[in-house]
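These are my notebook entries from an afternoon with one structure. I wrote down each thing I looked up, in the order in which I came to it.

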Amino acid sequence: MNDKKTIFSGIQPTGCITIGNYLGALKSWVQLQNDYNCIFSVVDLHSITVRQDPIALRKRCMDFLTQYLACGINGEDNLVYFQSHVPAHAELAWILNCFTYMGELGRMTQFKDKSAKHADNINAGLFTYPVLMAADILLYQTDLVPVGIDQKQHLELARDIAIRFNGVFGDVFKVPEGYIPKEAARIMSLQEPTSKMSKSDPNINGFVSILDDPDTIRRKFKRAVTDSDGEIAYREGKDGINNLLNIYSAVTGQSVEDSVNEFSGLGYGTFKERVAEAVVEELRPVQQRYADLAKNKDYINKIYTEGAKHAAYLASKTLRKVHRKLGYVDR
Ligand code: TYM
């Protein structure tokens, strides 16, 4: 290994990758990948806290990994793989479960939201899910975790677990930092701009998938919920407009202030068209690369096989250290 720092991040293979995931996470991954040793996983173990159809899940896992690469992740210089191919994630999660308190897990807002949404299936996995996420991160001695703001609480728990474990056994885990983009920290639903854009939203007009075709993208933005005062400004109470300004700024890389100036005096209709066009252009090369990559199964297969092999090697080093500290007999 070189002396670069390490990044770990992942996306759950549920629903479809949205511009929320793209702007909140994937785009940062692409921007940071040359300066770090990066480990990007399709976190399939996480996805079964909610019931999944096996055939659809297998296909979706492949689609997600292909989309990572289509977004510009270099799968040869970075490790890109399926979480279930590296058993060390689950092993470390068990151990960390014994260093995490019920009270901490009960406070996780995502657990509260998801258990309200799936009241018929509040399984133990849903409850301990943040511990698996902590294991994902700590397994690789990760320095930086690029995520959207909705994962901040989980990340803080991962830090707390690492500090607690290190407090007992000495320096075993690196304590990771988060990397949360400013404008795209929390992209909101186009239909309900007070709620997060979610990849499993049953209302498909609420999100834009990174694989939506240009006309679908234009239509979804045209229907985006705004307000009735007709002013393009960024302030409290203008959730729909704020969201569109955030999306535009995250895509173009310019500040929200510059975006407000660019659109001042325009009507909402034209504004929405311009935002839609920026998104269409941003996603055009992604979609072209996706179409090419999807035909190249052997290449994809090589990326995730090699990725898992190397990840398993790195993970085994941390796991061995943990086992020794705990007092397990050497294998
Ligand atoms: P997930 O699959 O819900 O989302 C994947 C990534 O996308 C970000 N994100 C958003 N960012 C901005 N606006 C939004 N509307 C939006 N929706 C989602 C998320 O913050 C995340 O970065 N538990 C994680 C996956 C995970 C993980 C990890 C992440 C498992 N292990 C280790 C980092 C490190 C999750 O469910 O993300």
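**Entry 1: the ligand.** I began with the ligand in this predicted model, and looked up its polar neighbours one at a time. A nitrogen atom of the ligand has a backbone N or O atom of Ile187 at 2.7 Å. For Gly20 I noted that a polar backbone atom is 3.2 Å from a nitrogen atom of the ligand, while for Asn21 a polar side-chain atom lies 3.1 Å from an oxygen atom of the ligand. I then looked up the areas: the ligand taken alone exposes 710 Å², and 97% of that is buried by the protein.

Which residues are the closest to the ligand? I counted 27 residues around the ligand, and the closest are Tyr129, Asp136, Gly148, Asp150 and Ile187. As for the elements behind this shell, I found that β1 (5-11), α1 (19-32) and α7 (124-138) supply at least two residues each.

**Entry 2: domains.** Next I turned to the domain assignment, which gives domain 1 as 6-180 + 297-326 and domain 2 as 204-291. I noted a separation of 29 Å between the centres of the two domains, taken over C-alpha atoms, and a contact to which domain 1 brings 14 residues and domain 2 brings 15 residues.

**Entry 3: the nonpolar cores.** I asked myself which residues touch the most other members of the largest nonpolar core. Among its 61 residues, these are Ile19, Leu23, Leu26, Tyr68, Phe221 and Ile247. Helix α12 (residues 268-294) contributes the most to this core, with eleven residues. Where does this core lie with respect to domain 1 and domain 2? Both domains give residues to it, so I place this core between them.

I followed Ile247 further and, leaving aside its neighbours within four places in sequence, listed its contacts as Ile19, Leu23, Ile187, Leu190, Phe221, Val275 and Val279. There is also a second, separate core of 41 residues, and I noted Ile39, Tyr81, Leu105 and Phe165 as being included in it. I added a general remark here, that nonpolar side chains tend to be buried together in soluble globular proteins.

**Entry 4: Tyr248.** I located Tyr248 in helix α10 (residues 239-252). Is Tyr248 buried or exposed? Its relative accessible area is 8%, and I therefore entered Tyr248 as buried, the cut-off being under 20%. Not counting residues up to four places away in sequence, Tyr248 touches Gln254, Ser259, Glu262, Phe263, Arg274, Val275 and Ala278. I also looked up the pair Tyr248 and Lys272, which are 24 residues apart along the chain and have their C-alpha atoms separated by 9.7 Å.

**Entry 5: two buried polar residues.** Gln67 belongs to helix α3 (residues 54-70), and I recorded Gln67 as buried because its relative accessibility is 4%. With residues up to four places away in sequence left out, Gln67 touches Ile17, Ile210, Leu211 and Tyr290.

Asn78 sits in the loop between α3 and β3 (79-82), and I entered Asn78 as buried too, its relative accessibility being 4%. What do the polar atoms of the Asn78 side chain lie close enough to for a distance to be given? I found a polar contact of 3.0 Å joining the side chains of Asn78 and Gln33, and a polar atom of the Asn78 side chain 2.8 Å from the backbone oxygen of Asn74. Leaving aside neighbours within four places in sequence, I listed Gln33, Tyr36, Cys38 and Ile73 as the contacts of Asn78.

**Entry 6: two loop residues.** I looked up Arg107 in the loop between α5 (102-106) and α6 (109-117), and entered Arg107 as exposed because its relative accessible area is 52%, the cut-off being over 50%. Not counting residues up to four places away in sequence, Arg107 touches Lys112 and Gln153. From the C-alpha atom of Arg107 to that of Glu282, 175 residues apart along the chain, I noted 37 Å.

My last look was at Gln141, in the loop between α7 and β4 (144-146). I noted that phi of Gln141 is near 50°, a positive value in a residue other than glycine.

Note on methods:
Residues numbered from 1 in each chain as written. Predicted model: local features only at pLDDT ≥ 70, side-chain atom pairs only at ≥ 80, totals over all residues. Heavy atoms only, no water. Core = buried A, V, L, I, M, F, W, Y, C linked by side-chain atoms within 4.5 Å. Buried < 20%, exposed > 50% of the residue type's maximum accessible area, 1.4 Å probe, protein only. Helix = DSSP H or I, 4+ residues; strand = E, 2+ residues; numbered from the N terminus. Domains from an automatic or database assignment. Contact = heavy atoms within 4.5 Å. Near = heavy atom within 4 Å. Polar contact = N/O pair within 3.5 Å; in protein donor to acceptor, adjacent residues only side chain to side chain. Areas by Shrake-Rupley, 256 points an atom, 1.4 Å probe, with all protein chains shown as cover.
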